[in-house]
Amino acid sequence: MTAPDTTPTQGFRNKKQRKQQVKLRRPGYAVAKYVRMSPRKVRLVVDVIRGKSVAEAEDLLRFIPKSASEPVAKVLKSAKSNAVHNDDMLEDRLVVTAAYVDAGPTLKRLIPRARGSANIIKKRTSHITIIVGERETRRGNK
C-alpha cells in the first residue's frame with residue numbers, strides 16, 4: 001500500500017512559490033512565541049477580542065489597561081497583514097476567527113530565603129496565536 005502522490009504535476013521555481021500555489025500554509029495566521037508573560041494574564045485579553053471584527057479588536061486593544069494588550073495587538077496586526085497580503089482577503093471584512101494562548105517553557109529562578117534555603121520563582125512564557133478570516137456576506141436564518 002503506497003501513499004498517494006501529493007506533489008503537483010507542474011514545476012515550481014522555489015519552495016515559496018510551491019507553498020503559495022498548494023496552500024500548505026494557513027490563511028490569516030500569525031503566532032508570537034516565547035512572550036515573557038503569564039498565559040493566564042494574556043488569556044484575559046485574548047478572550048475579549050475573539051469573534052470581533054479586526055477593526056473593533058484593534059480599537060479594544062488600544063484601550064484595554066493590561067500589559068498583555070501590546071503583544072496581542074502586534075500578533076493581530078501581523079495576522080491581518082498576512083491575510084491581506086498573502087491570501088488576498090478584504091481588510092474591512094476580516095474577523096478574528098480563532099485566538100488562543102498556549103503555555104511556553106517556564107524559566108526557573110532561585111531566590112534566597114532564611115537559613116540558607118531557597119525558593120523557586122517561575123517566570124512563565126506564552127505562545128499567542130491569532131487566526132483571522134473573512135466574514136460571510138449573507139446571513140443565515142435571521
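In this predicted model, Y100 stands opposite T129 in β5. That pairing is a convenient way into the fold, and the sheet around it is described next. Strand β5 covers residues 126–134, and 9 bridges join this strand to β2 in an antiparallel arrangement. The sheet as a whole is open and has 3 strands in the order β1-β5-β2, again with antiparallel pairing. Strands β1 (29–35) and β2 (94–103) are at the edges with a single partner strand each, so one side of each has no neighbour in the sheet. From one strand to the next, the twist averages 15°. In general, the strands of a sheet pair through backbone hydrogen bonds, in either a parallel or an antiparallel way.

A helix accompanies two of these strands. Helix α2, formed by residues 39–49, lies across β2 and β5 and runs at about 170° to β2. After α2 comes a loop that leads to α3 (54–63), and S53 has its place in this loop. With a relative accessible area of 17%, S53 is buried, because the cut-off for that class is under 20%. Leaving aside residues up to four places away in sequence, S53 touches L94, V95 and R135. L94 and V95 fall in the β2 range of 94–103.

It is helpful to set these elements in the context of the whole chain. The protein has 4 helices and 5 strands, and along the sequence they follow the pattern α-β-α-α-α-β-β-β-β. Contacts between residues at least 6 apart in sequence were also examined, and 70% of them join residues at least 24 apart. Of the 142 residues, 29% count as buried. The accessible surface comes to about 10,500 Å², and carbon and sulfur atoms account for 50% of this surface.

Two residues deserve a closer look for their backbone angles. Y34 has a phi near 60°, a positive value in a residue other than glycine. This tyrosine is located in strand β1, one of the edge strands of the sheet. Y34 is exposed, with a relative accessible area of 53%; the cut-off for exposed is over 50%. R115 likewise is not a glycine, yet has a positive phi of about 60°. The place of R115 is in the loop that links β3 (107–112) to β4 (118–123). R115 is exposed as well, and its relative accessible area is 89%.

How values were computed. Residues numbered from 1 in each chain as written. Predicted model: local features only at pLDDT ≥ 70, side-chain atom pairs only at ≥ 80, totals over all residues. Heavy atoms only, no water. Pairing = 2+ DSSP bridges. Helix = DSSP H or I, 4+ residues; strand = E, 2+ residues; numbered from the N terminus. Axes fitted to C-alpha atoms, helices over the stretch in contact; angles between N-to-C directions. Contact = heavy atoms within 4.5 Å. Buried < 20%, exposed > 50% of the residue type's maximum accessible area, 1.4 Å probe, protein only. Areas by Shrake-Rupley, 256 points an atom, 1.4 Å probe, with all protein chains shown as cover.
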